[in-house]
Amino acid sequence: MSKIIREQALLIDDQKRTWEEAIRICGKLMVSLGSVEEGYIDAMVDVVNDMGPYIVIAPHIAFAHAAAGLHVIKNDLVLTVFKEPVIFNSNNDPVHLLFGICALAPESHLELLKKLAKVIEPEKVYQELINCNSTAEIYRIINGV
C-alpha cells in the first residue's frame, strides 16, 4: 500500500496563529520539501483573501492551495496540526488540521485526496490527529500503520 503522506511532510504547531500565519507555516513546509517555490505561499493566502474561507471544508479541517502548476515543482501533500484553534471566519471554524496541497496539473492530486478523505472522515480520527504529540503518531494514523 502506498503512503498517503510522508512523515517529513507533517508538522505540529502549538502557538496561537491567525489564518494567514497558519497558511504561511504550511507553505514554508512545502517550500522546505522542494515541492513549491516561495511564490506559492502568497498565492495560497491570495486564494482566501480573494475567495473567502471556502478552503475550510469541514469542522477542524482546511485545505490550503493555489492554482495548479503556479510555482509548483512537484505534486505534494503536507499537514500542519495546530494545537491552538485557527479562525478563518468560516462556519466550520475553528481549524486544527491544515493540509497544504500543490499539484502540477488540476486533476493530478484527486486520487490522493480520495484516499485521505476516507482516512479522516470519521469524527474520532479528527480528534486523534488533533491530540497527537508527535509527527510519528500522525503518520501512523493517516497511513494506517
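This report looks at two helix pairs, a helix with a buried side, and several single residues in a predicted model.

**Two helix pairs**

Helix α1, which covers residues 19-32, and helix α2, which covers residues 39-51, have axes that come within 9 Å and cross at roughly 150°. Angles over 145 degrees count as roughly antiparallel, and α1 and α2 are therefore roughly antiparallel to each other. Their crossing is right-handed. On the α1 side the contact is made by Trp19, Glu20, Ile23, Arg24, Gly27, Lys28, Met30 and Val31, while α2 contributes Tyr40, Ile41, Asp42, Met44, Val45, Val48 and Asn49. Sorted by character, the residues of this contact between α1 and α2 comprise nine nonpolar, two polar and four charged.

The second pair consists of helix α4, residues 123-131, and helix α5, residues 135-143, whose axes come within 9 Å and cross at roughly 160°. With that angle, α4 and α5 are therefore roughly antiparallel to each other. Here α4 passes α5 in a left-handed crossing. The contact is formed by Val125, Glu128 and Leu129 of α4 together with Ile138, Ile141 and Ile142 of α5. Among the residues of this contact between α4 and α5, five are nonpolar, none is polar and one is charged.

**The buried side of α5**

Which residues of α5 are buried? They are Ile138, Tyr139, Ile142 and Asn143. These residues cover an arc of only 110° around the axis, which puts them on the same side of α5. A general property of helices helps to explain such a pattern: an α-helix has 3.6 residues a turn, so residues three or four places apart point the same way. After α5 comes Gly144, which has a positive phi, near 65°.

**Backbone angles to notice**

Most residues other than glycine have a negative phi, and most peptide bonds are trans. Against that background, the table lists two residues other than glycine whose phi is positive.

| Residue | Phi | Place | Relative accessibility |
|---|---|---|---|
| His60 | about 80° | strand β3 (residues 60-64) | 17%, buried |
| His71 | near 65° | loop between β3 and β4 | 29%, partly exposed |

Buried means under 20% relative accessible area, and His60, at 17%, therefore counts as buried. His71, with a relative accessible area of 29%, is partly exposed. The peptide bond between Asp93 and Pro94 is cis, with omega at about -5°, and Pro94 itself lies in the loop between β4 and β5.

**Two residues and their surroundings**

Ser108 is found in the loop between β5 (95-102) and α3 (110-120), where Ser108 is partly exposed, with a relative accessible area of 36%. Although Ser108 and Asn75 are 33 residues apart in sequence, their C-alpha atoms are 7.5 Å apart in space. When neighbours within four places in sequence are left aside, Ser108 is in contact with Asn75 and Ala103.

Is Asp76 buried or exposed? Asp76 belongs to strand β4, residues 76-86, and at 8% relative accessibility Asp76 counts as buried. Not counting residues up to four places away in sequence, Asp76 touches Arg6, Leu33, Ser35, Gly100, Ile101 and Cys102.

Technical notes: Residues numbered from 1 in each chain as written. Predicted model: local features only at pLDDT ≥ 70, side-chain atom pairs only at ≥ 80, totals over all residues. Heavy atoms only, no water. Axes fitted to C-alpha atoms, helices over the stretch in contact; angles between N-to-C directions. Helix = DSSP H or I, 4+ residues; strand = E, 2+ residues; numbered from the N terminus. Parallel < 35°, antiparallel > 145°, perpendicular 65-115°, else oblique. Left-handed = near helix turned anticlockwise from the far one by under 90°. Contact = heavy atoms within 4.5 Å. Nonpolar A, V, L, I, M, F, W, Y, C, P; charged D, E, K, R; others polar. Buried < 20%, exposed > 50% of the residue type's maximum accessible area, 1.4 Å probe, protein only. Arc of directions from axis to C-beta.
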